[in-house]
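Q: I would like to go through this model step by step, starting with a single residue and then moving to the overall architecture. Shall we begin?

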Amino acid sequence: MNLNGYPVRISDTAGIRESSDTIEQEGVELALEQIRESNLNLLLIDVNDVEFKFDEKKIVPKDANKFTKINSTAMTDRTVILLNKSDTLNLSEQYNLKDFEFEWAGANYKIFEVLSCKENR
(Lines give C-alpha, C1' and ligand atoms only; values in the text may rest on other atoms or scores of the structure.)
Protein backbone atom coordinates (compact mmCIF):
# COMPACT_ATOMS: atom_id res chain seq x y z
CA MET A 1 0.00 0.00 0.00
CA ASN A 2 1.20 3.52 -0.72
CA LEU A 3 0.23 6.14 1.85
CA ASN A 4 1.09 9.66 0.67
CA GLY A 5 4.22 8.36 -1.02
CA TYR A 6 5.28 6.08 1.83
CA PRO A 7 5.26 2.33 1.32
CA VAL A 8 3.09 0.67 3.98
CA ARG A 9 2.62 -3.03 4.66
CA ILE A 10 -0.11 -4.03 7.07
CA SER A 11 -0.08 -7.45 8.74
CA ASP A 12 -2.89 -8.88 10.81
CA THR A 13 -1.16 -11.48 12.96
CA ALA A 14 -2.28 -14.16 15.37
CA GLY A 15 -3.26 -12.98 18.82
CA ILE A 16 -0.35 -12.98 21.23
CA ARG A 17 -1.28 -15.47 23.93
CA GLU A 18 -0.23 -18.68 25.61
CA SER A 19 -1.50 -21.83 23.95
CA SER A 20 -0.92 -25.57 24.15
CA ASP A 21 -1.80 -25.91 20.44
CA THR A 22 1.39 -26.34 18.37
CA ILE A 23 0.01 -24.55 15.31
CA GLU A 24 -1.23 -21.62 17.38
CA GLN A 25 2.17 -21.41 19.14
CA GLU A 26 3.83 -21.16 15.73
CA GLY A 27 1.41 -18.37 14.75
CA VAL A 28 2.27 -16.46 17.94
CA GLU A 29 6.00 -16.82 17.25
CA LEU A 30 5.49 -15.55 13.70
CA ALA A 31 3.51 -12.59 15.11
CA LEU A 32 6.34 -11.76 17.55
CA GLU A 33 8.81 -11.91 14.65
CA GLN A 34 6.64 -9.46 12.67
CA ILE A 35 6.56 -7.17 15.71
CA ARG A 36 10.35 -7.17 16.01
CA GLU A 37 10.68 -6.21 12.33
CA SER A 38 7.94 -3.55 12.26
CA ASN A 39 8.28 0.20 12.46
CA LEU A 40 4.89 0.54 14.13
CA ASN A 41 2.73 -1.98 16.01
CA LEU A 42 -0.93 -1.69 16.90
CA LEU A 43 -1.89 -3.64 20.01
CA LEU A 44 -5.64 -4.20 20.16
CA ILE A 45 -6.86 -4.90 23.71
CA ASP A 46 -10.39 -6.06 24.50
CA VAL A 47 -11.82 -3.84 27.26
CA ASN A 48 -13.37 -6.95 28.79
CA ASP A 49 -9.87 -8.29 29.53
CA VAL A 50 -8.85 -5.34 31.69
CA GLU A 51 -9.82 -3.65 34.95
CA PHE A 52 -10.09 0.08 35.40
CA LYS A 53 -8.41 1.89 38.31
CA PHE A 54 -10.38 5.11 38.02
CA ASP A 55 -8.65 6.95 40.85
CA GLU A 56 -5.23 6.34 39.23
CA LYS A 57 -6.40 6.54 35.60
CA LYS A 58 -4.84 3.15 34.96
CA ILE A 59 -5.96 0.07 33.08
CA VAL A 60 -4.54 -3.28 34.18
CA PRO A 61 -5.05 -6.86 32.96
CA LYS A 62 -7.75 -8.85 34.77
CA ASP A 63 -5.70 -11.99 34.29
CA ALA A 64 -1.95 -11.40 34.04
CA ASN A 65 -1.48 -14.91 32.66
CA LYS A 66 -3.47 -13.95 29.58
CA PHE A 67 -0.90 -11.23 28.90
CA THR A 68 2.30 -13.19 29.57
CA LYS A 69 3.28 -13.26 25.89
CA ILE A 70 2.90 -9.48 25.70
CA ASN A 71 6.40 -8.72 26.85
CA SER A 72 9.23 -6.42 25.89
CA THR A 73 8.99 -7.75 22.33
CA ALA A 74 5.41 -6.56 21.93
CA MET A 75 5.56 -3.50 24.19
CA THR A 76 8.04 -1.05 22.72
CA ASP A 77 8.14 2.65 21.96
CA ARG A 78 6.76 1.62 18.54
CA THR A 79 3.59 0.15 20.07
CA VAL A 80 0.28 1.98 19.84
CA ILE A 81 -2.44 0.71 22.18
CA LEU A 82 -6.03 0.56 21.01
CA LEU A 83 -8.86 -0.42 23.35
CA ASN A 84 -11.61 -2.29 21.53
CA LYS A 85 -15.24 -3.15 22.34
CA SER A 86 -15.93 0.13 24.10
CA ASP A 87 -19.62 -0.45 23.29
CA THR A 88 -19.63 -3.13 26.03
CA LEU A 89 -18.70 -0.65 28.76
CA ASN A 90 -21.14 1.10 31.07
CA LEU A 91 -18.96 4.01 32.03
CA SER A 92 -19.97 7.48 33.00
CA GLU A 93 -19.29 10.12 30.36
CA GLN A 94 -16.91 11.76 32.84
CA TYR A 95 -14.22 9.19 32.00
CA ASN A 96 -12.15 9.72 28.89
CA LEU A 97 -10.27 6.44 28.55
CA LYS A 98 -7.69 8.10 26.31
CA ASP A 99 -6.51 9.85 29.50
CA PHE A 100 -5.77 6.45 31.08
CA GLU A 101 -2.58 4.41 30.81
CA PHE A 102 -2.20 0.66 30.34
CA GLU A 103 -0.04 -0.64 33.17
CA TRP A 104 1.93 -3.76 32.32
CA ALA A 105 5.18 -5.31 33.58
CA GLY A 106 6.12 -2.28 35.65
CA ALA A 107 5.62 0.26 32.87
CA ASN A 108 2.79 2.55 31.76
CA TYR A 109 1.68 2.92 28.16
CA LYS A 110 -0.54 5.65 26.75
CA ILE A 111 -3.91 4.64 25.32
CA PHE A 112 -4.02 5.98 21.78
CA GLU A 113 -7.64 5.34 20.90
CA VAL A 114 -10.81 3.72 22.22
CA LEU A 115 -12.79 1.85 19.57
CA SER A 116 -15.98 -0.01 18.94
CA CYS A 117 -15.74 -1.97 15.69
CA LYS A 118 -19.34 -3.09 16.24
CA GLU A 119 -20.59 0.51 16.31
CA ASN A 120 -18.04 1.75 13.74
CA ARG A 121 -16.49 4.33 16.05
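Q: Where is the place of Lys 85?
A: This is a predicted model, and in it Lys 85 lies in the loop between strand 6 and strand 7.

Q: Is Lys 85 buried or exposed?
A: Lys 85 counts as partly exposed, because its relative accessibility is 36% and that class runs between the 20% and 50% cut-offs.

Q: And what is phi of Lys 85?
A: Phi of Lys 85 is near 70 degrees, which is a positive value in a residue other than glycine.

Q: What about Lys 57, where is that one?
A: Lys 57 is found in the loop between strand 4 and strand 5, the latter covering residues 58-61. Lys 57 is not a glycine, yet has a positive phi of about 55 degrees. With a relative accessible area of 41%, Lys 57 is partly exposed.

Q: Back to strand 6. Where does Asn 84 sit, and is Asn 84 buried or exposed?
A: Asn 84 belongs to strand 6. Asn 84 is buried, because its relative accessible area is 11% and the limit for that class is under 20%.

Q: Which residues is Asn 84 in contact with, leaving aside neighbours within four places in sequence?
A: The contacts of Asn 84 beyond those neighbours are Leu 44, Ile 45, Asp 46 and Val 47, together with Leu 115, Ser 116 and Cys 117.

Q: Let us zoom out. How many helices and strands does the protein have?
A: The protein has one helix and eight strands. Read from the N terminus, the elements follow the order β-β-α-β-β-β-β-β-β.

Q: In what order do the strands of the open sheet come?
A: Six strands make up the open sheet, in the order 3-6-8-7-5-4, and their pairing is mixed.

Q: Which strands stand at the edges?
A: The edges are taken by strand 3 (41-46) and strand 4 (50-53). Each has a single partner strand, so one side of each is left without a neighbour in the sheet. From one strand to the next, the twist averages 40 degrees.

Q: In what sense do strand 7 and strand 8 pair?
A: Strand 7 (residues 101-104) and strand 8 (residues 107-114) pair in the antiparallel sense, over four bridges.

Q: And which residue in strand 8 is the bridge partner of Glu 103?
A: The bridge partner of Glu 103 there is Asn 108.

Q: New topic: pockets. What volume does the largest pocket have?
A: The volume of the largest pocket is about 1200 Å³. Its lining comprises 33 residues, of which Ser 11, Thr 13, Leu 42, Leu 43 and Leu 44 are the closest to its centre.

Q: Which elements give two or more residues to that lining?
A: Those elements are helix 1 (22-37), strand 3 and strand 6 (79-84). Strand 3 provides the largest share of the lining, six residues.

Q: How do the lining residues divide by character?
A: The lining of the largest pocket has 16 nonpolar, nine polar and eight charged residues.

Q: Last, some overall figures. What does the C-alpha trace span, and what percentage of the residues is buried?
A: Along its principal axes, the C-alpha trace spans about 40 × 40 × 30 Å. Of the 121 residues in the protein, 32% are buried.

Q: And what share of the contacts joins residues at least 24 apart?
A: Among contacts between residues at least 6 apart in sequence, 64% join residues at least 24 apart.

Conventions. Residues are numbered from 1 along each chain as its sequence is written. This is a predicted model: local features need pLDDT of at least 70, side-chain atom pairs count only at pLDDT 80 or more; totals for chains, interfaces and linings use all residues. Side-chain values use heavy atoms; hydrogens and water are left out. Two strands pair if DSSP finds at least two bridges between them. Axes are lines fitted to C-alpha atoms, for helices over the stretch in contact, and angles run from 0 to 180 degrees between N-to-C directions. On a 1 Å grid over the protein atoms alone, a cavity is a set of points where a 1.4 Å probe fits but cannot get out, and a pocket is an open set with protein on both sides within 12 Å along at least five of seven lines; lining residues have an atom within 4 Å of a point. Grid points are joined across faces, edges and corners, and a volume is the space filled by probe spheres set on the points. Ala, Val, Leu, Ile, Met, Phe, Trp, Tyr, Cys and Pro count as nonpolar, Asp, Glu, Lys and Arg as charged, and the others, Gly among them, as polar. Buried means under 20% relative accessible area, exposed over 50%, partly exposed in between (1.4 Å probe, protein chains only). Contact means heavy atoms within 4.5 Å.
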